Structures are given as structure tokens and as C-alpha cells.
Amino acid sequence: MADSSLNIQIRGIVQGVGFRPFVYRLAHQHGLTGWVRNGEQGVEIRVEGHGDATEAFLAELRSCTPSAARIAELTANPVAAEHFTSFEIIHSQGDTRPTVRISPDLPVCKACLRELRDSRDRRHGYPYINCTDCGPRYSIIQGLPYDRPLTTMKGWPLCPACAREYADPLDRRFHAQPVACPECGPEFHLHNGEHVTGGNAAAIAATVELLRSGKICAIKGLGGYHLACDARCADAVRAMRERKYRKEKPFALMVHDLDTAHALVHFDEAGEQLLTDVARPIVLAPARVELPHVAPDNHELGIMLPYTPLHHLLFDGGAPDALVMTSANRSNEPLAYLDDDAFEQMGGIADAFLVGERPIARRVDDSVVRCGPFGPVILRRARGYAPSAVARISTQHTILALGADLKNTITLVVGGQAFVSQHIGDLQHSQALRAFRETIDDLLNMYEVDRERLVVVHDTHPEYASTRHALSLPATKIAVQHHRAHTASVLAEHDAWDEVALGISLDGTGYGDDGAIWGGEVFVGALNAGFERVAHLRPAKLPGGDAAATFPPQAAAGFLGDCADLPDLTEPPFDFPPRYTEARQLADRDIRTFVTTSTGRLFDTAAALLGFTRAMTFEGQAAIWLEQLARTGTADGGYVFPDLDYRPLLEAVIHDRLAGVPTADIARRFHAGVAAGVIDVTLRLCEQHELRTVALSGGVFQNALLLEMIHSRMRRHSHLRVWTNRDVPPNDGGISLGQAALAAHLIQ
Ligand code: ZN
Ligand code: ZN
Ligand code: FE
């Protein structure tokens with residue numbers, strides 16, 4: 001006789017992570033009857049049994065969840081008993097709103113890896129092996145609820161053996177939607193010119209041979225194609241750079257195992273944890289070795305571990321133990337994920353293509369993270385993280401926030417949860433703009449959003465492609481200023497809706513309230529009240545506007561305009577090129593000259609004064625160069641930066657350079673000066689406004705040295721708490737979340 005009957009609703013990451021089989025086994029252990037099903041709100045459970053048993057069941061449900069699952073909310077309500085005779089997994093129900101969280105893609109698990117390497121197992125060497133604990137999710141889902149007919153695996157009917165496993169609640173592959181085997185599943189082929197090597201083992205072996213002989217292979221992965229080559233083969237890496245038109249931007253590496261990782265970079269415990277995290281991101285860490293052409297002028301290497309069964313098979317088969325594994329794209333275009341596009345775009349780059357038959361539903365790049373003094377910093381949020389919800393935003397409205405034009409991401413708020421898309425890219429490229437539109441459609445379709453009732457949020461920049469797209473949509477529109485969005489992203493992640501905080505937003509570029517190029521902004525305010533600008537970097541002229549962002553001497557021409565006793569910078573030791581003089585003339589006559597408070601351009605100016613006088617080949621390059629230089633300096637103390645007035649700071653840089661002080665020491669004192677200046681302003685304003693919370697955001701906070709200096713100095717001021725971004729990037733990848741959070745307040 002059942003004396004307890006409960007209806008349990010669970011929200012969180014509970015689909016596609018082995019949750020229903022886990023519930024099934026748990027119910028059987030406790031002798032309960034009822035059912036479990038995937039709903040569009042998450043997972044729903046009905047259990048009947050003795051009160052003790054249902055209590056114990058509930059306790060274990062909360063405490064022993066499968067490793068990849070995350071329960072955000074669990075409610076249990078008593079209901080009338082229906083006197084079930086058994087416990088079953090029943091069909092998904094599809095009539096309520098789809099606010100269920102979709103699981104990110106998962107790396108191959110230990111059990112599957114064991115089978116992969118076991119010559120007696122029927123999936124020995126099978127590159128698509130997976131189970132309820134591992135394998136593709138987001139990258140194969142075409143609709144919700146997560147069931148095989150709504151995935152890119154729908155074209156491969158299960159063989160009897162796989163069907164048995166899929167239907168057996170006690171099997172590891174029970175309801176594993178992408179389950180497959182060599183009998184019934186997709187396979188890989190190697191295309192080398194006209195020659196096609198079929199069959200998984202032969203295709204993989206031939207790929208290994210090509211990689212060992214210094215060739216470049218396009219390899220289909222989870223969320224797109226990679227270009228791979230031997231990282232220790234300088235000729236191969238140089239060829240990759242030349243063919244990809246990627247002059248200096250660092251390449252990421254995939255390494256055989258943890259030992260190889262340790263041999264290449266310095267990892268502390270936190271770094272190792274990130275590297276082996278279920279998201280398997282690219283982790284940036286200080287290099288131990290120099291690999292020619294992999295990361296020029298950079299003390300860091302980006303490393304990831306193999307995460308698909310195919311990657312393991314390549315390394316097991318003898319591939320070089322460190323492979324360059326970079327997104328398959330031409331310079332700044334988005335990652336290729338469809339076979340035809342890959343062949344078309346990579347034809348002149350890759351020597352051969354290792355193509356898997358399983359289609360990729362959507363493009364998902366590798367994520368990039370780094371350890372920092374405030375915890376891990378996500379620099380690019382994509383595979384392994386997207387599209388998890390990152391914040392709760394309490395609003396009745398459905399909000400679509402379109403982000404910024406650089407490092408674009410999109411945030412959709414539905415059912416009070418903020419889902420942030422994977423990294424999309426820089427929207428000035430037409431391909432990326434197409435990816436942007438596709439991602440919007442994808443998210444709106446996935447969550448069955450009523451487009452008529454959508455609130456669309458965009459940046460205040462009138463020239464942004466994302467702004468123009470927003471304005472073309474038939475929806476209620478809200479504009480949010482860029483740097484307020486940066487600050488809001490931090491507070492939203494910390495669920496701090498009424499906390500009045502000091503927001504420090506140090507950035508490269510953003511459209512200000514006055515039409516100037518902002519990027520050194522200090523705000524006081526709260527998510528539920530908005531943010532008032534209370535301080536900012538001393539305004540400088542910027543000849544050429546945003547175009548100056550690629551040429552440090554051009555930024556310098558503006559920033560040095562009202563510095564005292566400026567020497568001729570076209571002379572040694574500065575040796576600025578003629579373009580500097582031209583930019584000075586523009587600035588003096590106010591032709592094509594804008595006003596800026598950009599901290600990014602301030603860093604560029606310092607970099608120019610210390611020797612970076614050429615054009616950048618990727619965004620942020622000069623600031624990264626300056627940070628690397630500063631890391632090799634040993635000088636203590638910093639230059640003064642009173643009330644964010646950069647003049648004494650830059651005058652000191654010029655003075656010391658003329659005096660022959662090593663540039664590394666100057667770079668270090670510059671960083672220390674910025675850190676101390678920011679902290680002085682923070683302390684003053686926090687006292688004045690009686691605040692105890694400080695939110696740091698903006699692209700400048702990707703600078704790990706600056707963060708370390710701020711962190712160590714702030715320890716002396718323990719009455720203040722300093723928050724940084726955790727789940728979204730401090731760069732413009734976090735803008736869409738901040739926009740959504742501020743819009744939720746503005747609609748009320
Ligand atoms: Zn597995
Ligand atoms: Zn099969
Ligand atoms: Fe920004």
C-alpha cells in the first residue's frame with residue numbers, strides 16, 4: 001500500500017545526461033512505483049511508496065546526481081495516489097514551454113574509453129562510441145525534447161544489439177540518444193585529393209601517417225572542423241600560417257595526455273582542473289618550451305586534451321603527441337561545420353580531409369579559459385559551456401539581447417533564465433553576420449519563442465551590424481550602453497539585483513552616451529536602478545577613430561597630444577613611422593578625430609612607446625605584447641595615474657625610455673600604475689557612495705597581470721568585495737548577458 005505519493009519537478013541540466021535511467025534505478029532500489037519522463041520544463045517524476053522510501057529517494061535524488069547533470073530547482077508535491085504497479089520511463093511530453101536546459105557536449109567517458117581500447121569489445125576502435133554519461137549533445141540537437149528523432153543521428157536506425165542497450169534501463173546506454181556501433185552507426189572517411197580511404201580504422205591510420213609526415217589535415221570534430229598538424233614540425237606550422245593568412249595569432253594545441261601538457265606548460269592545480277573539466281576547454285598557461293610559429297611573441301600556450309573518441313584514436317594510433325588544432329576557417333571567418341563548406345573553404349589549406357558522416361547541427365567552437373587570481377576567466381565561451389543558463393533574470397518577458405559586434409554572443413531570456421549562445425565572432429565579416437542570424441533563429445526555434453512578443457535589446461552604437469539587425473525586427477526594442485552592459489553582466493552573474501555597486505568597465509571600444517568612444521568608465525548603480533557614470537579616463541583625441549585600434553602609433557598620436565615636453569617620437573629610441581606624424585596633424589586640426597576614454601588605446605599608446613610601432617594583425621595584440629613584456633620586468637612601484645589622468649603615466653614612460661630604463665621595467669611600472677590608479681579611484685568612490693561591492697569588467701580585464709596586481713593590492717582593503725565575470729567573458733562576449741539584465745529592469 002502506498003502511503004506517500006509525490007509529483008517531483010526538476011529543472012536544470014537534466015536531459016541528455018543519463019538522468020532518467022538514474023531515476024529509474026533509484027526508484028527500483030527503493031521499491032517505488034510510478035514513472036519518470038522528460039518534459040519541456042525539465043524532468044518530471046511520479047513516485048508512490050512508503051513514506052520512508054520516498055524520503056530516502058528524494059534525498060538521493062539531490063545528492064547522487066549523474067556527473068554531468070546539474071539540478072537548478074527541485075520541487076516535490078504530494079498528489080493523489082494512482083496505484084502504479086511498476087516504475088517506468090515513459091514518453092516525453094511536449095505540450096509545455098521549453099525552458100529545459102540543453103546539455104552542452106560532453107567528452108568521452110572513462111567507461112567508453114575502456115571499451116574503445118578493448119579489442120574484444122564490439123565498439124573497439126569505433127570513433128562514435130558514447131553513452132548516457134558522454135558524447136555529443138548541443139551539437140547534434142535539432143529540436144526539443146532531446147530524443148533521437150530530433151538529433152542528427154536520426155538517419156541511423158539502431159541495430160538489434162544497440163536497440164537492446166537503448167531499451168534496457170539497467171544498461172549504460174539506456175536512452176543514450178546518439179548511441180551507435182560499427183554495425184549500425186556512421187563512420188569516418190579520409191579524402192586525400194581524389195582518393196577516398198573508407199572504414200574507420202583505415203581512415204584514421206592514414207590520417208595519422210599524414211600528420212606524422214608534416215601534412216595539414218582538416219578533421220571533423222564535435223562542433224566544426226579543425227585544422228591539425230604536428231605542433232613540433234616548424235614547416236607544417238609555418239605552412240598552416242601562410243595558407244590560413246594568419247600571421248601571428250597563436251594556435252591552440254591538442255596534446256596526447258596530461259603528461260604531455262605538463263611538459264609543454266606550467267600548470268598549477270587550478271589549471272589542471274580546468275584542463276580536465278567536463279567542458280574540456282583550451283586552457284592558456286605559461287609555456288615551458290618554445291614551439292616555433294605556434295604562438296609568436298607570447299609566453300603562453302593554449303592547450304586542450306582530446307575530448308572525442310576520434311581524438312583518442314588518433315593519438316593512440318601514433319599521431320604526434322602535440323597537434324596544432326585550430327578552428328577550420330579562413331582568417332576571421334566563422335568555423336566551418338558543414339562538409340561542403342569545409343571542402344570549399346579549406347581546399348587551399350588542408351592536404352586531406354577526415355570526414356565523419358554524423359552531421360553537426362550547429363557550429364560550436366572550442367572554449368578558451370585561463371586561471372586568474374579571482375578564479376577562472378572565460379575568454380571564449382562555446383563548446384562545453386553553451387548553451388547552459390548562466391543567470392536567473394526575473395522577468396515575465398522573453399528577451400533577446402543581440403550583444404556587441406566584436407566577439408558576438410546572443411542571450412535569450414525565457415522562463416526567467418538567461419541562456420547565452422556560443423561565441424559567434426566578429427560581425428563585420430559577412431559570414432559571421434550570417435552565423436549571427438542563424439544563431440538567433442536557432443535559439444528562438446529551440447525555445448519556441450513567440451516572435452511577436454519578443455523584447456529585443458541592442459547596443460546604443462548606431463553603426464553596429466547587431467544594432468541594425470535589431471532595428472529591422474518587428475519587436476519592442478531597448479538600447480543599452482556598452483559599458484553599462486559590461487558592468488551589468490558581472491552583477492547578473494552574481495545574482496545581485498538590488499546591490500548598489502561600483503562598476504569599473506575598462507575596454508577597447510564602445511559607443512558612449514555623448515557619442516564619444518568610451519572604454520574607461522566608472523559607474524555607480526544597481527541592476528534594478530540603472531548605472532550613473534561617476535568617473536572616467538581623461539578624454540583623449542583619437543585620430544581616425546576606431547581605425548586607430550589596429551595601429552598603436554596612431555592611438556599614441558591622440559593620447560600624447562597634451563603631454564608636456566613631448567620629444568620627437570620619430571627619432572630613436574621611439575622610431576615611430578610617418579603615419580604617426582600624419583595622425584598628429586589630423587588630431588591637431590581635428591580632422592577625422594574623435595574623443596575617446598578608451599583604456600585599450602591607452603595600453604596601445606604605451607606599447608607604441610616601448611617598441612610596438614607596427615600594425616596589429618589581430619585584436620588586442622599590442623596590449624598582449626605589452627603584458628608579456630611587463631612580465632619579464634623586475635621593477636617595483638608604479639607610475640602615477642591620478643584620477644585616471646593618463647598624462648603623468650605616459651610622461652613617465654617617455655622619460656624612462658629616454659633615460660635608457662629597460663622597456664620590460666617600464667612596462668611593469670605602467671601596469672602597476674594603472675592598477676594603483678584604478679584602486680585609488682575605487683577606494684575614493686566607494687567611500688563617497690558608501691559602497692562595498694566592486695564589479696570589474698571589459699576587455700582590458702583579460703590582462704592577467706593587471707588583474708593580479710589589482711587582486712594583491714585589494715587584499716589590504718578587505719571591507720570591499722571585488723567581483724569579476726565567472727561564466728561569461730569579461731570581453732564583449734559578455735555584453736549580451738548584461739544587455740538582457742538591464743533590459744529586464746527597463747521594461748518594468
Ligand atoms: Zn561514455
Ligand atoms: Zn549498433
Ligand atoms: Fe567591450
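This report describes a zinc site and one helix in a predicted model.

Local features here need pLDDT of at least 70 and side-chain atom pairs count only at pLDDT 80 or more, while totals for chains, interfaces and linings use all residues. Residues are numbered from 1 along each chain as its sequence is written, chains are lettered from A and ligands numbered from 1 in the order in which they are written, and side-chain values use heavy atoms, with hydrogens and water left out.

**The zinc site**

The zinc ion (ligand 2) has as its protein donors the SG atoms of Cys-159, Cys-162, Cys-181 and Cys-184, which lie 2.2 to 2.4 Å from it; donors are N, O and S atoms within 2.8 Å of the metal (3.2 Å for Na, K and Ca), and because water is not among the atoms, sites may look incomplete. The four donor atoms subtend angles of 103 to 117°, so the arrangement is tetrahedral, a term that requires all angles of four donors to lie between 85 and 135 degrees. In sequence the donor residues follow the spacing C-x2-C-x18-C-x2-C. Cys-159 and Cys-184, which are 25 residues apart, link distant parts of the chain. Both are buried (under 20% relative accessible area, with exposed meaning over 50% and partly exposed in between, for a 1.4 Å probe and protein chains only), as tabulated here.

| Residue | Location | Relative accessible area |
|---|---|---|
| Cys-159 | loop between α3 (110–116) and α4 (160–167) | 12% |
| Cys-184 | loop between α4 and β6 (188–192) | 10% |

**Helix α8**

Helices (H or I, at least four residues) and strands (E, at least two) are DSSP runs, numbered from the N terminus. In helix α8 (residues 269–276), the buried residues are Gly-271, Leu-274 and Leu-275. They cover an arc of only 100° around the axis, and therefore sit on the same side of α8, the arc being that of the directions from the helix axis to the C-beta atoms. Glu-269 and Gln-273, on the other side of α8, are exposed. Among the elements covering the buried residues are α7 (258–264), β11 (282–286), β12 (300–304) and β15 (368–370), where contact means heavy atoms within 4.5 Å.

Methods
Tetrahedral: all angles 85-135°; square planar, octahedral: opposite > 155°, others 65-115°.
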